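Biologist: Could you teach me how to read a fold, one feature at a time?

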Amino acid sequence: MAVISELCCPKCGYRSTSKTVFQCPNCKSILEVNVEISHLTRSDFDTMRRSRDRTIWRWFDFFPIENRSSIVSLGEGCTPLIHSKRLAEHLGISRFYLKNDTVLPTGSLKDRSNSVGLSVAKELGFMTATVMSTGNAAASVAAYSAAAGLKSVVMVPAGTATSKIIQARAYGATVVVIDGDFDYDVAKLYKAAVQEFGWYDCLSSNPYRDEGKKSYAHEMVDQLDGEIPDWVIHPTAGGTGIYAMWKGFKEFLSLGWISRAPRLVASQSAAAAPIVAAFVKGLRDVEPVVARETIAESIQVGNPVSLGWRALAALRESKGTAVALRDEEILQAQSLTGHLAGLFAEPAAATSVAAAKKLREAGVIGQNELVVCNLTGHGLKQPDAVRIPDEALRPIGPTLDALRAQVIRAGN
Ligand SMILES: Cc1ncc(COP(=O)(O)O)c(C=O)c1O
């Protein structure tokens with residue numbers, strides 16, 4: 001049984017007595033859950049590493065769940081950390097790794113969050129879970145709700161890839177497509193719905209669910225056998241990944257299980273880069289921007305209202321940085337990742353590789369540094385991002401001559 005301390009406000013220090021109120025009544029910040037871990041020892045670390053459980057739940061004591069019987073798991077975690085030799089050579093970074101989260105149960109990093117989030121929902125006795133999402137969170141909340149025995153209502157903006165809507169429906173969710181700006185209109189309706197219907201909120205405004213991405217830190221330390229990356233690059237929207245990874249590394253540091261932490265990098269689409277802008281300007285908080293259309297639709301977020309400032313703090317504390325990428329750079333990185341590493345990442349996920357390329361070219365990342373890029377979502381989530389010329393789809397006659405001509409045209 002994990003020992004949980006109460007929810008508290010990271011800004012003003014308010015301590016909550018409720019387990020279901022997520023926002024500070026004084027300063028309106030999202031509360032933070034701190035799990036009591038000070039009793040853990042080096043031998044607990046060894047036991048966790050030896051466990052046959054290959055999910056994030058190997059690190060149970062770091063998550064805000066009281067009883068193991070509440071765990072809702074679909075086998076998430078322990079995703080491959082791949083030394084991608086050909087891509088490493090191309091980028092000029094000898095120790096280049098891809099953390100392949102495309103293999104998570106619903107195909108994106110959201111499963112790390114929702115396994116924890118829905119486990120708590122079950123423990124607290126909720127009946128319906130909800131999320132507003134550009135698509136990946138919708139599918140993940142739907143899947144984990146199904147496994148937990150909860151109903152789910154997911155809200156997506158008009159224009160969301162049909163493949164993502166189909167996926168959420170396949171898990172039995174009620175999918176509501178909403179016309180309007182994601183950061184303002186959809187967000188306003190979402191907040192009102194959570195209040196009106198008392199549904200379990202699975203957004204980054206839920207402190208329990210935010211703990212899930214600490215598992216990136218746990219897994220990297222384990223998979224690199226104690227060696228710490230020099231840089232970890234994470235595709236960033238709401239800021240949960242950066243904030244939570246940093247918390248995970250800091251918890252390990254506080255226990256003496258590691259001796260240093262990596263520099264963290266947030267990669268964003270230039271069309272929706274409020275965290276990059278705030279980082280460059282040296283601001284303590286994020287100024288919302290109007291997110292423009294981008295091929296990296298999963299991270300098209302202009303107002304990371306819940307955790308933006310905490311992600312900024314993590315980037316600075318870790319001595320990291322933040323990089324904005326143009327759509328051409330993102331598509332090029334997606335193509336490189338497919339052609340040289342054999343991994344199909346959705347455009348949002350490929351921003352981490354695009355950022356690695358840019359930082360290496362600028363000399364910020366050194367040739368022999370150990371770099372991990374999180375590949376946060378599968379390419380099949382947004383298949384239309386890969387453009388195929390009509391000519392390539394036109395059927396040819398069943399002759400060797402026609403085949404030869406086609407192969408030559410394709411450059412093989
Ligand atoms: C594919 C993908 N990558 C990265 C993210 C980044 O999320 P966050 O900044 O909250 O970790 C998201 C979700 O918003 C996503 O769908």
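Biologist: In which sense do strand 5 and strand 6 pair, and over how many bridges?

Modeller: First, the ground rules. This is a predicted model, where local features need pLDDT of at least 70, side-chain atom pairs count only at pLDDT 80 or more, and totals for chains, interfaces and linings use all residues. Residues are numbered from 1 along each chain as its sequence is written. Now the general idea: strands of a sheet pair through backbone hydrogen bonds, either parallel or antiparallel. Here strand 5 and strand 6 (residues 151–157) pair in the parallel sense over five bridges. Two strands pair if DSSP finds at least two bridges between them; helices (H or I, at least four residues) and strands (E, at least two) are DSSP runs, numbered from the N terminus.

Biologist: Which residue of strand 6 stands opposite methionine 132?

Modeller: Methionine 155 does. Between these two strands the chain passes through helix 4 (residues 136–148), and this β-α-β crossover is right-handed: with the strands pointing away from the viewer, the path from the first strand over the helix to the second runs clockwise.

Biologist: In what order do the strands of the sheet lie?

Modeller: Four strands form an open sheet in the order 7-6-5-8, with parallel pairing. At the edges are strand 7 (174–178) and strand 8, each pairing on one side only. Helix 4 packs on this sheet and touches strand 5, strand 6 and strand 7. The direction of helix 4 makes about 175 degrees with that of strand 6; axes are lines fitted to C-alpha atoms, for helices over the stretch in contact, and angles run from 0 to 180 degrees between N-to-C directions.

Biologist: What links strand 5 to strand 8?

Modeller: Strand 5 pairs with strand 8 (residues 200–201) in the parallel sense over two bridges, and threonine 130 stands opposite aspartate 201.

Biologist: Is strand 5 mostly covered or uncovered?

Modeller: Strand 5 (residues 128–132) is mostly covered, with four of its five residues buried. A residue is buried if 20 or more other C-beta atoms lie within 10 Å of its own, exposed if 12 or fewer, and partly exposed in between, with C-beta atoms placed from the backbone. Helix 15 (residues 400–409) is hardly covered, as zero of its 10 residues are buried.

Biologist: Why does cysteine 9 count as partly exposed?

Modeller: Because cysteine 9 has 19 C-beta neighbours inside 10 Å. Cysteine 9 sits in the loop between strand 1 (3–8) and strand 2 (32–36). Serine 29 is 20 residues away in sequence, yet 6.7 Å away in space, C-alpha to C-alpha.

Biologist: At roughly what angle do helix 3 and helix 4 cross?

Modeller: The axes of helix 3 (residues 110–124) and helix 4 cross at roughly 40 degrees and come within 9 Å. The two helices are therefore oblique to each other (angles under 35 degrees count as roughly parallel, over 145 as roughly antiparallel, 65 to 115 as roughly perpendicular and the rest as oblique). Leu118 of helix 3 and Tyr144 of helix 4 are among the residues making the contact, which requires C-beta atoms, placed from the backbone, to lie within 7 Å.

Biologist: Where do helix 8 and helix 9 meet?

Modeller: Tyr216, Ala217, His218 and Val221 in helix 8 meet Met245, Gly248, Phe249 and Phe252 in helix 9.

Definitions and conventions. Contact = placed C-beta atoms within 7 Å.
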